[in-house]
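Colleague: Got a minute to walk me through this one? I'd like to start with the loops.
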Amino acid sequence: GGADGLVAGRPEVHAATLAPGPRQTTNRPLSPTQPETGTLAHVGIEPDARRRRGAPMLAAILMECPTEELVVADDVTLRDMAPGDVKVKIAHSGVCHSDLSAMNGTIPQAPPAVLGHEGAGVVTDVGDGVTHVVPGDHVIIAFSPPCGTCPFCTGRNQPNLCINGLIAMGSNPQFRRGDTVVGAMTGCGTFAEETIVPGMAAIKIDKDVPLDVAALVGCGVTTGVGAALNTAKGTAGSSGLVIGAGGVGVAAIQGARIAGAAAIVAVDLHEGKLDRAKAFGATHGVLPEDLPAAIAEVTGGEGFDFTMECIGMPSTMRQAFDMTRRGGTCCIVGVGRAEETFELSAFEMFFSEKTLIGSMYGSADVRTDFNRFLRLYKAGRLDLDGMITRRIRIDEINDAMACMGDADVIRQVIDF
């Protein structure tokens, strides 16, 4: 997550948009009737088939990097279950900018690999030792889960930084094509009809939450809302700036609104995205060239109490720091390339006393924050339904990647 928004200045990020051919215009309905929940059958699973192994399925695979297209294969299978595993029938998967970043090399991902890391579904099987979920439970998959026992998970109270969880996600690849082992993005592989993850990555949720909106919580919503509430720590009456009004940016705007910020300025290259940003809680929506006027109007020229960069570009990271008031907090949410840098002078950090902080997975504890955000959704304070602007099937994934930067796209969701 965290790489949506101002993209026109970085053409290599949008290699997929160069793919020829017309774009799809027949989108799925935005508010389909939800099937009866609480059963395996509502996502097409026969109870007596829960433990069947080796059945081929559809999956979208990264076969080379960089690339403009994924290969949608129908011969993908899963390995056998191991102790501690949870098998999940994916109901919905969000299409996140980080998936595109894996395709263009911004985020390292060795091929072949099933992409997708923002998904929710129904548990179909559990391995030995798993007791917190059972078949039929609804879960969100966490791409960076906490092990629960390391210093990050305990005394440091930073479970989002747990290294053991990251290692566990990649230690036993779950997908196969014949005899070929196929990896998975962050160990999730939600661009497949079914996946296997470590038990710690399967976060149980209430069955009355629609699984399409639940999927968004797996990455983009937690990244953005968590950055505002947990990392930047927006407060009532404060002023905030969000650079980039894509999926993560919209979530960050909502987080700032929930925190009680009195002024929330959204910046993006697309006027259409600015209109949407205001619908989700931004008090101002400006193009980059209008930002100086906005900072003068909203803050009297002092700068914002907190800023959140939701793109992943060095130039906008530096801009976010410059737009932060003395003593304020600049929060980097976007995922940039490892070789790219931005500079700070040796004097300004001392003199400005600004806090410059990164936000990994919204500084969230997925064990509690996933359901905290869903409670806000149920209470009408966090609009997740409105973030879903397009529905697709898995065979439309390359068109979805090509549409990623469009002004009318916040989140595209794969319906399995």
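Colleague: Where does proline 112 lie?
Modeller: Proline 112 lies in the loop between helix H1 (97-104) and strand E4 (113-114). Keep in mind that this is a predicted model.

Colleague: What kind of peptide bond joins proline 111 and proline 112, cis or trans?
Modeller: That bond is cis. Its omega is about -10°.

Colleague: And what about cysteine 65 and proline 66?
Modeller: A cis peptide bond joins that pair too, with omega at about 0°. Proline 66 sits in the loop between E1 and E2.

Colleague: In which sense do E1 and E2 pair?
Modeller: They are antiparallel. Strand E1 covers residues 57-62, strand E2 covers residues 71-78, and four bridges link them. To pick out one bridge, start at alanine 59: its partner in E2 is alanine 73.

Colleague: Which strands close into a barrel?
Modeller: There are five, in the order E1-E2-E7-E8-E4. The pairing around the barrel is mixed.

Colleague: OK, backbone angles now. What is the phi of threonine 186?
Modeller: It is positive, about 50°, although threonine 186 is not a glycine. The residue lies in the loop between strand E8 (180-184) and strand E9 (194-198).

Colleague: Why does threonine 186 count as partly exposed?
Modeller: Because its relative accessibility is 29%, and partly exposed runs between the 20% and 50% cut-offs.

Colleague: What about serine 363 and its phi?
Modeller: Serine 363 has a positive phi of about 50°, and it is not a glycine either. Look for serine 363 in the loop between strand E16 (355-358) and helix H10 (366-378). With 27% relative accessibility, serine 363 counts as partly exposed.

Colleague: Change of topic. How many cavities of 30 Å³ or more does a search of the whole structure find?
Modeller: Two. The second largest has a volume of about 30 Å³.

Colleague: Which residues line the second largest cavity?
Modeller: Glu118, Leu216, Gly220, Val221, Gly247, Val248, Met387 and Arg411.

Colleague: Which helices each supply at least two residues of that lining?
Modeller: Helix H4 (220-231) and helix H5 (247-259).

Colleague: Last one. How does the lining of the second largest cavity split by class?
Modeller: Four residues are nonpolar, two are polar and two are charged. Glycine goes with the polar class in this scheme.

Terms used
Residues numbered from 1 in each chain as written. Predicted model: local features only at pLDDT ≥ 70, side-chain atom pairs only at ≥ 80, totals over all residues. Heavy atoms only, no water. 1 Å grid on protein atoms, 1.4 Å probe; cavity = no way out; pocket = protein on both sides within 12 Å on 5 of 7 lines; lining within 4 Å. Points joined across faces, edges and corners; volume = space filled by probe spheres on them. Pairing = 2+ DSSP bridges. Buried < 20%, exposed > 50% of the residue type's maximum accessible area, 1.4 Å probe, protein only.
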